Amino acid sequence: MKADERSLGQLMALSQAGDARAHEAVLVASQRWLRRFFAGKIGPEHAEELVQETLLVVHTKRASYDPSRPFLPWLAAIARYRWVDRLREIYRQQSDVYAEPSECIDAEETVSAKLSLDRLMTHLSDGQRTAITLVKIQGLSLADASQACGQSLSLVKMNIHRGLRRLSSLVEED
Amino acid sequence: MPDSFIQSLVADLKPVRRLNNRDPWLVMGLLCLAAIGAVSATIGLRADLIAGHPADIVLLRSGVMLALGAASLAAVIAYARPGVGQHADGWVWAAVVAALFPAIAMLSAIEGQFPKWILTAPSGALCLGISLTIALVLGAALTSWVRRGASTRPVLQGWLIGLSSGAFGTFSYSLHCASTTVTYAGFWYTGAIVLSAGIGRLALPGLLRW
């Protein structure tokens, strides 16, 4: 059975009161939602780790949820924040990220276009979006990405750097 | 069947007290009262306040600082929880109104009418020192509350915590301050509030990230 928005909020309120079954149900539903949310937004080897990190935040920061408000925007805000944080971390470490075909997102559980990570990407310039997608999401090397998109190597690097900074500030502004 | 990671989180579950929006109002209010009490007991309150007939300028600057402190506190509270599309922009308007004080001081400087004694007044250092000390205490309490939440805007929160505690801290001190000029408030009070906001911006984001 899929928990809807309202029941997730009610379950989270019970979690805050220490109800283990409700907490388990919230975490399982959140895990499912987060896997779809991150699909195609980051390499699969990072995706599961990111799901776990976000679940840990859901657990440790559960006091910050207000049961009078919808649950999914709360979860989505945490997920977006962790996602950008992770992209920056990957960028700093210069590690490779590999692509995997993205899973279709269940429309019923999509919060709204407003919340989506894709929407954040639309705020980037074409060059920044292309560079981040090719290198950080599809996992191409800088040189391959440079060839694929026709940007010079240094421009690809600059676009990634500036794009990630922009994403980071967008998450803080929204 | 939940995986072992989820099971470990469930095993760790304990009841938690929800983040309560009234707590920071209460704590800031009580700390402000304590600060005013301390100011009264050590350096004393203005004579017109004690007599119950405060000068117009005292009412004006107190109102502006309280509005700025309250509006930025409301924003701090709103941004302490994760959420999408949250906007609490009242502090911007309060800051615009408060900026009239330094704007007037600046205009008088441009016109060559800025009283030089204001720059060298010994009370200026006292104003900065006491206002910032109170702001530090208020800011520490507010930061501790925000850390219980999960702010997704730590940089803005740093500014706002500094702004709110700076405004309340300077207000608490101002009840002692004998000055009756807008230029004095525009220079020294603004200086204390801006410094407090800057310290919040520099010192707090690292403490608020999660």
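**Exercise 1. Work out which residues of helix α5 (residues 90-98) of chain B are buried, and whether they share a face.**

*Solution.* Keep in mind that you're working with a predicted model.

Step 1: Go through the helix and pick out the residues with crowded surroundings; a residue is buried if 20 or more other C-beta atoms lie within 10 Å of its own. In α5(B), B:Trp91, B:Ala94 and B:Ala98 are buried.

Step 2: Look down the helix axis. The buried residues of α5(B) fall within an arc of 60°, so they line one face of the helix.

Step 3: Now flip to the other side of α5(B), where you'll find B:Val92, B:Trp93 and B:Val96 exposed.

Step 4: Ask what the buried residues pack against. Their partners are α4 (56-78), α6 and α9 of chain B.

**Exercise 2. Describe how helix α6 (residues 100-110) of chain B meets helix α10 (residues 182-203) of chain B.**

*Solution.* Step 1: Start with the geometry. The two axes come within 7 Å and cross at roughly 115°, and the crossing of α6(B) past α10(B) is left-handed.

Step 2: List who does the touching. From α6(B) you have B:Phe101, B:Pro102, B:Ile104, B:Ala105 and B:Ser108. The α10(B) side brings B:Val182, B:Thr183, B:Ala185, B:Gly186, B:Phe187, B:Tyr189 and B:Thr190.

Step 3: Sort them by chemistry. In this contact of α6(B) with α10(B), eight residues are nonpolar, four are polar and none is charged.

**Exercise 3. Sum up the overall build of chain B.**

*Solution.* Step 1: Count the elements: chain B has eleven helices and zero strands.

Step 2: Get the dimensions. Along the principal axes, the C-alpha atoms of chain B fill a box of roughly 75 × 35 × 25 Å.

Step 3: Check burial across the chain. Of its 210 residues, 37% count as buried.

Step 4: See how far along the sequence the contacts reach. Take the contacts in chain B between residues at least 6 apart in sequence; 83% of these join residues at least 24 apart.

**Exercise 4. Find out what chain B brings to its contact with chain A.**

*Solution.* Step 1: Tally each side. Chain B puts in 26 residues and chain A puts in 29 residues.

Step 2: Trace the chain B side back to its helices. Both α1 (4-11) and α9 (154-174) of chain B supply at least two residues each, and α1(B) gives the most, with four residues.

Step 3: Sort by chemistry once more. The side of chain B that touches chain A divides into 16 nonpolar, four polar and six charged residues.

How values were computed
Residues numbered from 1 in each chain as written. Chains lettered and ligands numbered in written order. Predicted model: local features only at pLDDT ≥ 70, side-chain atom pairs only at ≥ 80, totals over all residues. Axes fitted to C-alpha atoms, helices over the stretch in contact; angles between N-to-C directions. Left-handed = near helix turned anticlockwise from the far one by under 90°. Contact = placed C-beta atoms within 7 Å. Nonpolar A, V, L, I, M, F, W, Y, C, P; charged D, E, K, R; others polar. Buried ≥ 20, exposed ≤ 12 C-beta atoms within 10 Å, placed from the backbone. Arc of directions from axis to C-beta.
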